[in-house]
Amino acid sequence: MELKPNVPSGPLEKKWERHKFDIKLVNPANKRKYTVIVVGSGLAGAGAAASLAELGYRVRCFCYQDSPRRAHSIAAQGGINAAKNYKNDGDSVWRLFYDTIKGGDFRSREANVYRLAEVSVNIIDQCVAQGVPFAREYGGLLDNRSFGGAQVSRTFYARGQTGQQLLLGAYQALERQIGQGQVEMFARHEMQELVVVDGKARGIVARDLVTGETTTHLGDAVVLATGGYGNVFYLATYAKGCNTTAIWRAYKKGAAFANPCFTQIHPTCIPVSGEYQSKLTLMSESLRNDGRIWVPKTKGDQRAPNQIPKEDRDYYLERMYPSFGNLVPRDVASRAAKRVCDEGRGVGPTGYGVYLDFHDAIGRLGKAKIEEKYGNLFEMYERITGENPYEVPMRIYPATHYTMGGLWVDYNLMSTIPGLFVLGEANFSDHGANRLGASALMQGLADGYFVIPYTMGNYLAREKLAPVADTHPEVRAAEDAVAARTKRLLSAGGSRPAASFHRELGKIMWEHCGMERDKKGLEHGMGKIPGLRAEFWKNLRVPGSGAELNQSLEVAGRVADFLELGELMCLDALERDESCGCHFRTEHQMADGEAKRDDQQFCHVAAWEYAGDGKKPIRNVEPLTFENVDLQVRSYK
Amino acid sequence: MRITLKVWRQKDAKSEGRFVTYEAPDVSEHMSFLEMLDVVNESLVAKGEDPIAFDHDCREGICGTCGFVIDGKPHGPRPKTTVCQLHMRFFKDGDVLTIEPWRADAFPVIKDLVVDRSAFDRIIAAGGFISTAIGGAQDANGIPVRKEDSDLAMDAAACIGCGACVAACPNAAAMLFTSAKVSHLAILPQGQPERPDRVRNMVARMDAEGFGTCTNHNECEAACPKGIRVEFIARMNADYVKSSASAGRRAASGDSGTG
């Protein structure tokens with residue numbers, strides 16, 4: 001497999017401008033002759049569907065939820081970065097680019113990241129024009145806050161519901177196009193298979209989750225904007241329905257899967273409380289602006305937090321990283337929390353928790369100011385834990401939150417299957433080995449609003465695509481594969497619900513492919529997964545039929561794919577024999593415990609190619625070259 | 001603790017439904033209500049029975065997917081809390097709870113506790129947006145907005161579209177939902193050009209979907225998990241009257257406008 005990044009030539013800051021000029025255009029009158037299939041309706045998917053429809057393409061958009069407004073972008077709390085420099089604090093496109101490259105520990109593609117930083121400013125303009133109610137100052141101008149991994153204030157926000165407001169903006173733009181008949185929306189539909197004809201992506205097979213009917217939708221190109229795969233860990237901050245099925249089907253049809261082991265563990269989540277737990281809830285990173293993180297200095301200190309005097313507390317992030325303090329990047333903060341807990345200094349009933357304390361901030365700013373900034377987050381915390389964070393410090397612990405890995409894409413966001421574009425969290429492109437806070441919303445909207453409208457036209461204008469008949473053998477084969485799979489899930493004939501396998505897989509992944517990894521553990525994890533998979537197919541029970549709303553069947557299909565993906569993640573983590581960003585191999589660390597990269601051997605993207613069931617996938621490599629930044633040891637001290 | 005559940009079971013849109021009693025014998029106070037249902041469902045699957053279908057997704061109170069009625073109250077007894085964030089510590093050992101889907105003509109039942117809320121999407125598609133082409137926006141700080149206005153718009157925009165307001169309303173009206181979007185956009189300067197047409201088109205769609213009329217019971221506000229206030233209904237009504245009057249004048253003078 002050849003990986004062609006297709007990065008335009010010329011100086012970094014001119015590449016996108018030049019590319020936009022060089023690409024081929026589709027005449028406005030011809031756009032309506034093309035049909036684009038968009039799977040997913042989050043920021044990237046809804047943004048793409050709306051902007052492609054505005055241009056005149058016919059769009060069919062799919063989501064598994066009952067409405068496109070429910071996609072999990074909605075749950076992002078803290079904010080969205082943009083290099084507006086409204087604060088005059090030294091921000092610039094270049095600085096946002098640099099912070100993102102450095103935050104990703106030099107494992108992302110320079111040209112993509114620069115473009116992201118460049119269009120970030122347009123995103124804010126666009127969202128304000130749509131009526132997104134961003135926070136404002138009394139003068140009427142937009143307010144900003146700070147996020148981890150940056151020393152400037154460049155994060156725009158709408159209370160603690162930034163993702164919700166940005167998604168509703170994109171959803172409203174999408175509904176406008178639906179109302180005009182330009183987009184046909186298929187809610188409660190889940191993609192089951194990709195249709196590839198003559199080597200090009202031409203459509204999908206989807207299951208109507210209400211009737212169980214599967215239907216084929218053909219077009220000229222397919223866009224996957226189906227989000228991340230962090231639910232492989234079972235307990236994660238993702239929505240329950242988030243899954244890997246769409247990108248996994250594409251992988252098995254020839255799309256390379258890049259850096260699958262790069263998963264982000266978010267430092268500030270509410271700790272696990274019991275075995276029945278179905279998900280973990282994030283507390284926004286923005287809380288680290290004003291909250292101070294600490295644990296007792298001595299092991300086994302059982303005093304209530306307010307009874308522990310300052311001199312007996314270890315504000316370990318401030319101690320270890322004086323210049324970034326509580327605002328170090330997520331991977332650094334998460335590992336530090338794990339370590340103090342492993343030392344026995346963790347707090348709460350399980351010992352796996354650290355305090356996030358607002359006492360000093362309330363003293364400095366007053367309760368009213370804190371309530372204005374974080375009120376809804378404090379309420380959410382109290383609702384879940386029964387404790388009042390204005391009075392008692394929050395307890396937090398890291399949880400899986402985002403996947404930087406995803407389908408490999410070139411500069412045009414096209415995968416290794418021509419005509420298959422991958423946007424947002426579903427691709428691998430912009431965050432390297434670690435994503436900075438408030439950059440996921442930025443990437444989703446950049447891809448959907450500002451990149452795909454150009455690169456899609458370029459593809460369609462260059463290709464000569466013959467119509468595909470419903471009866472084409474590839475279409476039939478895809479439909480048959482879906483039917484066979486559904487039948488197999490329904491007829492396994494065992495006694496265990498799919499969720500029980502999912503929990504078991506999650507424990508394997510968290511233990512062996514989580515915050516810290518080593519060769520022995522990864523091999524052990526990889527050894528366990530095939531057995532669990534065999535047990536799944538032997539002992540699974542899915543009640544009901546395939547011709548109705550069957551939530552057990554939906555879950556089982558997703559778990560089946562996670563059981564395959566988990567193994568690939570372990571393999572990728574094993575073969576990347578270095579530490580970088582979130583990928584922390586204990587064999588490779590500095591004397592002070594920081595990640596130790598191996599730029600000689602691993603300054604590349606690992607893009608895995610499916611080689612058939614039961615066969616070891618092929619590891620392809622895209623070398624990363626840094627012409628504009630120096631490869632440095634990432635330091636936040 | 002031990003909880004007894006009387007759950008509405010309905011095979012599909014066409015079948016008749018009925019209440020079926022289930023026992024949840026070992027409920028932890030730390031569970032969410034949905035986690036308790038997960039446990040009940042896993043035991044049903046293990047016995048080879050059809051689990052209770054219910055909608056849910058983010059489980060952190062923001063996506064608006066979940067929702068059903070517990071003992072007559074949409075999202076249950078806790079104010080400003082969706083069922084996914086309703087924790088069992090607010091119930092006690094021995095409680096007998098009745099669980100049923102949203103009841104409204106405009107929200108037909110699909111299965112058990114799952115209803116079809118696509119009417120809400122169609123109300124938004126009728127005008128719940130600002131028509132701005134992607135890519136052509138001016139600098140964001142070129143449109144200053146008073147902080148008070150921005151905050152008020154945000155209060156309205158916080159609606160999660162769960163449908164509890166409709167379920168709570170004796171008339172199954174969708175006024176709180178519709179007025180929240182109308183108000184969000186009407187309060188902001190960006191929303192002014194389409195303001196008169198927007199409110200008329202959205203209200204017309206709302207009526208066409210079969211939602212009831214508002215008779216000021218205010219049950220919607222009490223049930224709303226996001227604290228959306230009925231003052232937005234008053235704002236919408238005022239806008240609607242004004243818009244209809246000017247549309248009437250336009251019609252009389254022969255200008256059909258854009259609405």
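**Entry 1: contacts within chain B**

I began with the contacts in chain B that have a separation of 6 or more, and I found that residues 24 or more positions apart account for 72% of them. I note at once that this is a predicted model, and I therefore looked up the confidence values before going on. The mean pLDDT of chain B is 95, with 98% of its residues at 70 or more, and for the complex the predictor gives an ipTM of 0.97 together with a pTM of 0.96.

I then wrote down the overall make-up of chain B, which holds eight helices and seven strands. Its C-alpha trace spans about 70 × 40 × 35 Å along the principal axes, and of the 259 residues in chain B, 51% are buried.

**Entry 2: one helix of chain B**

I picked out H5(B), which has 13 residues, and followed it from its first C-alpha to its last, a reach of 17 Å that is close to the 18 Å expected at 1.5 Å a residue. Why is H5(B) described as largely enclosed by the rest of the structure? I counted its buried residues and found 13 of the 13, so the helix is largely enclosed by what surrounds it.

**Entry 3: where chain B touches chain A**

Next I turned to the contact between the two chains, which takes 69 residues from chain B and 65 residues from chain A. On the side of chain B that touches chain A, I listed the elements that each supply at least two residues, and these are helix H1 (33–46), strand S6 (109–111), helix H2 (118–125), helix H3 (147–157) and helix H5 (175–187) of chain B. Which of them gives the most? I found that H1(B) does, with seven residues. Sorting this side of chain B by class, I obtained 31 nonpolar, 21 polar and 17 charged residues.

**Entry 4: two domains of chain A**

In chain A I looked up the domain division, which gives domain 1 (266–400) and domain 2 (473–599). The C-alpha centres of these two domains of chain A lie 30 Å apart, and the contact between them takes five residues from domain 1 and five residues from domain 2. On the side of domain 1 that touches domain 2, the largest share, four residues, comes from helix H9 (residues 330–342) of chain A. By class, I recorded one nonpolar, one polar and three charged residues on that side of domain 1.

**Entry 5: a strand with two partners in chain A**

Finally I followed strand S7 (residues 200–208) of chain A, and I asked how many of its nine residues are buried. Seven of them are, and I therefore noted the strand as mostly covered. On one side of the pairing, S7(A) runs antiparallel to strand S6 (residues 189–197) of chain A, and eight bridges join the two. S6(A) and S7(A) form a hairpin with two residues between the strands, where Asp198(A) takes a positive phi near 50°.

S7(A) is also joined by five bridges to strand S8 (residues 214–218) of chain A, again in an antiparallel arrangement. This second hairpin, of S7(A) and S8(A), has five residues between the strands, and in its turn Gly212(A) has a positive phi of about 85°. I closed the entry with Arg207(A) in S7(A), which stands opposite Glu190(A) and likewise opposite Thr214(A) in S8(A).

Terms used
Residues are numbered from 1 along each chain as its sequence is written. Chains are lettered from A and ligands numbered from 1 in the order in which they are written. This is a predicted model: local features need pLDDT of at least 70, side-chain atom pairs count only at pLDDT 80 or more; totals for chains, interfaces and linings use all residues. Two residues are in contact if their C-beta atoms, placed from the backbone, lie within 7 Å. Ala, Val, Leu, Ile, Met, Phe, Trp, Tyr, Cys and Pro count as nonpolar, Asp, Glu, Lys and Arg as charged, and the others, Gly among them, as polar. Domain bounds come from an automatic or database domain assignment. A residue is buried if 20 or more other C-beta atoms lie within 10 Å of its own, exposed if 12 or fewer, and partly exposed in between; C-beta atoms are placed from the backbone. Two strands pair if DSSP finds at least two bridges between them. The expected span of a helix is 1.5 Å times one less than its number of residues. pLDDT is the predictor's confidence in each residue, from 0 to 100.
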